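User: I'd like to go through the labels on this structure and hear what backs each one up. Can we start with the pockets and then move on to the charges and strands?

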Amino acid sequence: MESKTKCVDDKNEDPAVTNFRTYLRINTVQPNPCYGEADSFYQAQAKEIGLDFRSAEVVQGKPFGILTWKGEDPSLPSVMLYSHTDVVPVFPEHWKYPPFSAHKDEQGNIYARGSQDMKCVGIQYLEAIRRLKKEGVKLKRNVHVVFGPDEEIGAVDGMMRFVHHQEFKDLNVGFAMDEGLASPTEEFRLFNGERSCWWFTVTFPGKPGHGSAFIENTAVAKLNKLMNKALQYRDEQEKRLNSSQTMKLGDVTTLNINILKGGVQHNVVPSEMSATFDVRIAVDEDLVKFEEMIRQWCTEASPDDGYTMEFHQKSNTSDQSPVDSSSPWWVAFDSAVQKLGLTVKKEIFPAGTDGRFVRKLGIPVYGFSPMNNTPILLHDHNEFLNEKVFLRGIQIYQQIIPALANVTAA
């Protein structure tokens with residue numbers, strides 16, 4: 001992690017950047033996030049800005065921080081600005097700087113886990129609201145800035161439960177915003193849906209024996225047949241993606257085999273082998289037929305002895321929020337970005353966000369992280385965000401938040 005680049009901590013740093021870096025230094029890495037420290041930070045932010053605050057625990061030790069800016073008509077469905085608190089693990093030996101130091105180099109790049117995914121967005125919400133309140137802006141609807149736990153590990157104890165809890169119902173959410181992705185180009189990216197995420201493990205039994213012999217009907221041979229089918233399908237989807245410049249990753253199905261298990265000793269043919277898959281299924285795919293295809297591959301690989309398939313996650317997130325003139329939320333969002341002169345591309349999110357649980361309730365959700373001209377570094381080593389891009393994002397939300405919160409017909 002040695003570097004000749006100096007850490008910049010000048011006295012003229014924008015207070016919003018300082019606030020961002022303070023938040024980045026709170027270690028909320030899985031599997032043991034410092035949720036209590038983060039929750040105290042949110043409470044302090046609410047007091048500074050002049051927002052109501054409450055902490056809601058659906059699961060003990062995993063709080064949702066809820067900061068509320070009250071509108072002039074609280075009876076109207078509210079706007080929820082969502083950001084998850086936790087971040088993914090790091091491998092410090094691969095980082096230029098300590099991953100929770102929020103080191104800023106001479107180019108203004110701020111290095112920290114969560115700088116893109118997605119602590120930047122949470123602070124941009126708050127800093128935009130801070131500025132709007134100082135300007136005396138009034139809103140029709142309540143705006144809730146919500147920070148939630150465990151997004152990076154599937155949200156089983158997070159948003160998955162929260163949307164069915166009274167605390168969420170009391171928010172009366174009519175529209176929500178969640179995370180998007182950085183854009184390496186001048187354009188910004190807007191996500192109105194996401195692919196279904198299936199994580200599953202397939203296990204084949206097989207005939208064991210001595211490692212020096214030609215054993216028939218082995219678990220390895222069966223698993224190899226399945227993997228060949230799966231990887232052929234993967235290649236077909238990749239070719240489809242690359243066949244057109246208009247195709248995006250969210251438009252196709254990705255399949256990866258991420259865990260292989262089996263065997264007990266060098267000279268013993270294993271009695272069973274398993275493979276764990278991460279499949280992200282395109283929104284236009286028939287999920288019933290897709291599962292039938294996978295199971296047919298398994299049956300063909302092991303026609304006599306069968307197989308077991310265990311699902312660790314099996315979501316149906318083909319719901320899409322409207323992004324046309326039929327939606328007053330889209331009209332408001334689009335009007336705000338048009339005023340700023342931004343070019344926004346509409347896409348399907350290629351991975352998973354907590355927004356999928358909100359969409360399931362029929363509430364429209366847009367995924368948007370205002371980071372253009374920025375390499376995509378979420379979950380990568382040396383994740384960073386430039387301070388100018390961060391500050392521009394605050395200005396963007398200064399337009400978007402009042403536009404959404406003043407929607408009349410919704």
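Analyst: Sure. By class, the lining of the largest pocket holds 10 nonpolar, five polar and six charged residues. Keep in mind that the model is predicted.

User: What makes a residue part of the lining of the largest pocket, and which ones lie nearest its centre?

Analyst: A lining residue has an atom within 4 Å of a pocket point. For the largest pocket 21 residues line the space, and Glu152, Arg280, Ala351, Gly352 and His379 lie nearest its centre. The volume of the largest pocket is about 540 Å³.

User: Why does Gly352 count as polar there, and Ala351 as nonpolar?

Analyst: Ala is on the nonpolar list, while Gly is placed with the polar residues, so Ala351 and Gly352 fall into those two classes. Glu and Arg count as charged, so Glu152 and Arg280 go there.

User: What about the second largest pocket: what volume does it have, and which elements supply at least two residues of its lining?

Analyst: Its volume is about 200 Å³. Strand E14 (308–314) and helix H9 (355–359) each supply at least two lining residues, with E14 giving the largest share, three residues. The lining has 14 residues, and Met160, Gln313, Ser315, Arg356 and Phe357 lie nearest the centre. By class they divide into five nonpolar, six polar and three charged.

User: On to charges. Why is Asp278 with Arg280 called a salt bridge?

Analyst: The closest N and O atoms of Asp278 and Arg280 are 2.6 Å apart. The rule asks for a Lys or Arg side-chain nitrogen within 4 Å of an Asp or Glu carboxyl oxygen, so the pair qualifies.

User: Are Asp278 and Arg280 buried or exposed, and how do you know?

Analyst: Asp278 comes out at 16% relative accessibility and Arg280 at 15%. Buried means under 20%, so both ends of this salt bridge get that label.

User: How do you know that Arg130 and Glu48 form a salt bridge, and where do they sit in the chain?

Analyst: Their closest N and O atoms are 3.3 Å apart, and the cut-off is 4 Å, so the pair counts. It links distant parts of the chain: Arg130 belongs to helix H3 (residues 119–134) and Glu48 to helix H2 (residues 35–49), 82 residues apart. As for exposure, Arg130 has 17% relative accessible area, under the 20% limit, so it is buried. Glu48 has 54%, over the 50% limit, so it is exposed.

User: Why is Arg161 only called partly exposed?

Analyst: Its relative accessibility is 42%. That value lies between the 20% and 50% limits, so the label is partly exposed. Arg161 also forms a salt bridge with Asp157, the closest N and O atoms being 3.1 Å apart.

User: How many salt bridges does this rule give, and which residues are linked in a network?

Analyst: The count comes to 20 salt bridges. Glu13, Arg21, Lys104 and Glu387 are linked in a network of them.

User: Last topic: what makes E11 and E13 a strand pair?

Analyst: Pairing needs at least two bridges, and E11 and strand E13 (residues 272–281) have eight in the antiparallel sense, so they pair. One such bridge puts Ile259 opposite Thr276 in E13.

User: And why are E11 and E14 edge strands?

Analyst: The open sheet of four strands runs in the order E11-E13-E9-E14, with antiparallel pairing. Strand E11 (254–262) and E14 each pair on one side only, which makes them the edges. From one strand to the next, the twist averages 20°.

Conventions. Residues are numbered from 1 along each chain as its sequence is written. This is a predicted model: local features need pLDDT of at least 70, side-chain atom pairs count only at pLDDT 80 or more; totals for chains, interfaces and linings use all residues. Side-chain values use heavy atoms; hydrogens and water are left out. On a 1 Å grid over the protein atoms alone, a cavity is a set of points where a 1.4 Å probe fits but cannot get out, and a pocket is an open set with protein on both sides within 12 Å along at least five of seven lines; lining residues have an atom within 4 Å of a point. Grid points are joined across faces, edges and corners, and a volume is the space filled by probe spheres set on the points. Buried means under 20% relative accessible area, exposed over 50%, partly exposed in between (1.4 Å probe, protein chains only). Axes are lines fitted to C-alpha atoms, for helices over the stretch in contact, and angles run from 0 to 180 degrees between N-to-C directions.
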